[in-house]
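Please open the model in your viewer and keep the selection tool at hand. The tour goes from one selection to the next, with a short account of what is there.

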Amino acid sequence: MTVSIWQADGTQPIREVDVLIVGAGIIGVTAAYFFKQAGREVVITEMRDLALGASSRNAGFLITGLDTYYHHAIEKYGHAVVRELWNLSLQTHGYWRQFIKQSNGAVLTETCGSLLLAESEEEARELEIAARTMQQDKLEVEFLTSDPLNRGYCAAIRQSWDGAVHPYQLVRAIYEQSGAELIANNEVYAITQPDQHSVTVATRQYIFKARTVLLCTNAYSCNLDPYFVGKVIPTRAQVLATAPLKESLLDCCGYSDYGYMYYRMTFDNRLLIGGARHHHRDLENDTMDDRISDPVQRSLERYLRERFPEAADAPIDRRWAGIMGFSVDGIPLVGTLPDKPRVGFAVGLTGHGLATGAVTAERAVELLLNGTSPGALDARRLG
Ligand SMILES: Cc1cc2nc3c(=O)[nH]c(=O)nc-3n(C[C@H](O)[C@H](O)[C@H](O)COP(=O)(O)OP(=O)(O)OC[C@H]3O[C@@H](n4cnc5c(N)ncnc54)[C@H](O)[C@@H]3O)c2cc1C
């Protein structure tokens with residue numbers, strides 16, 4: 001989205017606020033909750049409406065873990081960082097469970113477990129090494145040498161404590177529990193920090209004067225500040241969902257092909273399949289979630305026919321896209337803008353916001369309130 005000089009001509013009312021959060025996805029509303037817990041007054045400004053970015057377009061997998069197989073993550077980030085990220089993921093799920101419990105039944109969820117499945121013998125060997133490395137770290141995962149689904153996979157890792165959620169309901173519940181004010185249809189288009197004490201944020205409806213600003217704009221962050229260029233890479237993901245089926249074809253969240261394919265039954269018994277962007281990378285470096293692309297959707301349909309032939313003739317009721325924000329090294333980014341120290345950010349969730357999001361938001365809030373180091377999420381690692 002862009003804003004013309006006619007839509008916001010500089011005569012918008014000035015509004016003084018304590019904390020201004022930009023973006024009402026799951027990270028924005030969770031950060032709002034933590035700020036409110038610390039006694040701060042919070043306004044969230046959102047260019048669309050609650051959760052209409054990736055946070056209500058995802059698959060709703062509550063999977064503990066990282067963006068890559070455990071042993072590869074150790075090679076890439078080092079053992080200590082991987083342990084920290086794993087704990088952060090466990091803590092994040094603890095927070096989601098707390099929000100869900102406090103919602104009194106308003107959020108559909110189930111602890112159905114997850115299966116990370118191998119599409120090939122080579123991937124099976126990778127899974128075995130990943131599982132053994134996790135077991136050495138006392139993580140209670142189960143390695144299965146054959147396909148528990150009987151659908152032609154070669155091996156699997158089961159994490160029985162993982163689950164699935166209705167992602168839109170989860171964001172709504174967190175927002176309601178946050179007590180923050182949301183201003184929808186209010187795009188931010190310029191941020192300046194004129195002095196040490198306040199930030200000026202120009203939006204379509206208001207010019208905010210804020211003490212503290214937190215950007216929770218994930219994939220869209222580059223549009224707001226050049227600092228994010230080359231650090232947060234917008235990446236589109238697509239999904240399809242069948243009409244409700246007579247029988248459930250899966251009793252857990254499944255994913256495979258190094259995480260590029262994922263599938264689950266929804267709470268109303270639809271088969272949801274997402275992914276396949278690795279076959280069409282040139283089409284998916286996009287910031288548009290208002291369209292799908294035929295080649296990716298054909299790949300998803302082919303996968304459905306091959307692995308779930310019972311649903312091959314089921315009508316496809318819905319197809320959609322969402323934009324993920326991949327951090328350049330795969331770990332979320334928490335920090336403050338180098339030239340605007342009162343503007344913090346919690347972005348780069350790398351397709352795993354439900355795995356790492358709550359603690360990412362919490363660390364950004366603690367950095368802004370107390371100067372606490374965000375640990376492995378510290379964006380200064382990228383220079
Ligand atoms: C198809 C798909 C499947 C996925 N599946 C899973 C999954 O199963 N499990 C999992 O853990 N993760 C999954 N993810 C990733 C997950 O959805 C994201 O990591 C998470 O939603 C990121 O949350 P967010 O709040 O940072 O971003 P978003 O939800 O995208 O929120 C950012 C918000 O900022 C707003 N915004 C941007 N710019 C401005 C501006 N200038 N002014 C005002 N507002 C602005 C946007 O409108 C948006 O609402 C998936 C993603 C997709 C797309």
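Begin by selecting Asn 58 together with the ligand: in this predicted model, a polar side-chain atom of Asn 58 lies 3.0 Å from an oxygen atom of the ligand. Add Val 188 to the selection, where a polar backbone atom is 2.9 Å from a nitrogen atom of the ligand, and then Ile 26, whose backbone likewise supplies a polar atom, here 3.2 Å from an oxygen atom of the ligand.

Now show the surface of the ligand, which on its own has 1,000 Å² of accessible area, 97% of it covered by the protein. Which elements give two or more residues to the shell around the ligand? Colour α1, β13 (232-242), β17 (316-327) and α8 (353-370) to see them.

Next, select the whole shell of 37 residues, among which Glu 46, Ser 55, Val 188, Gly 353 and Leu 354 come nearest to the ligand. Colouring the shell by residue class gives 19 nonpolar, 14 polar and 4 charged residues.

For the last stop, select helix α1 (residues 26-37) and helix α3 (residues 79-102), which pack with their axes 13 Å apart and at an angle of about 80°. Because angles of 65 to 115 degrees count as roughly perpendicular, α1 is described as roughly perpendicular to α3. Show side chains for Ile 26, Thr 30, Tyr 33 and Phe 34 on α1, and for Tyr 95, Trp 96, Gln 98 and Phe 99 on α3, since these residues make the contact. By class, the residues of this contact of α1 with α3 are 6 nonpolar and 2 polar, with no charged residue.

Terms used:
Residues are numbered from 1 along each chain as its sequence is written. This is a predicted model: local features need pLDDT of at least 70, side-chain atom pairs count only at pLDDT 80 or more; totals for chains, interfaces and linings use all residues. Side-chain values use heavy atoms; hydrogens and water are left out. Axes are lines fitted to C-alpha atoms, for helices over the stretch in contact, and angles run from 0 to 180 degrees between N-to-C directions. Helices (H or I, at least four residues) and strands (E, at least two) are DSSP runs, numbered from the N terminus. Angles under 35 degrees count as roughly parallel, over 145 as roughly antiparallel, 65 to 115 as roughly perpendicular and the rest as oblique. Contact means heavy atoms within 4.5 Å. Ala, Val, Leu, Ile, Met, Phe, Trp, Tyr, Cys and Pro count as nonpolar, Asp, Glu, Lys and Arg as charged, and the others, Gly among them, as polar. A residue is near a molecule or strand if one of its heavy atoms lies within 4 Å of it. A polar contact is a pair of N or O atoms within 3.5 Å; within protein, one must be able to donate a hydrogen and the other to accept it, and residues adjacent in sequence count only if both atoms are side-chain atoms. Accessible areas come from the Shrake-Rupley method with a 1.4 Å probe; for residues, only the protein chains shown count as cover.
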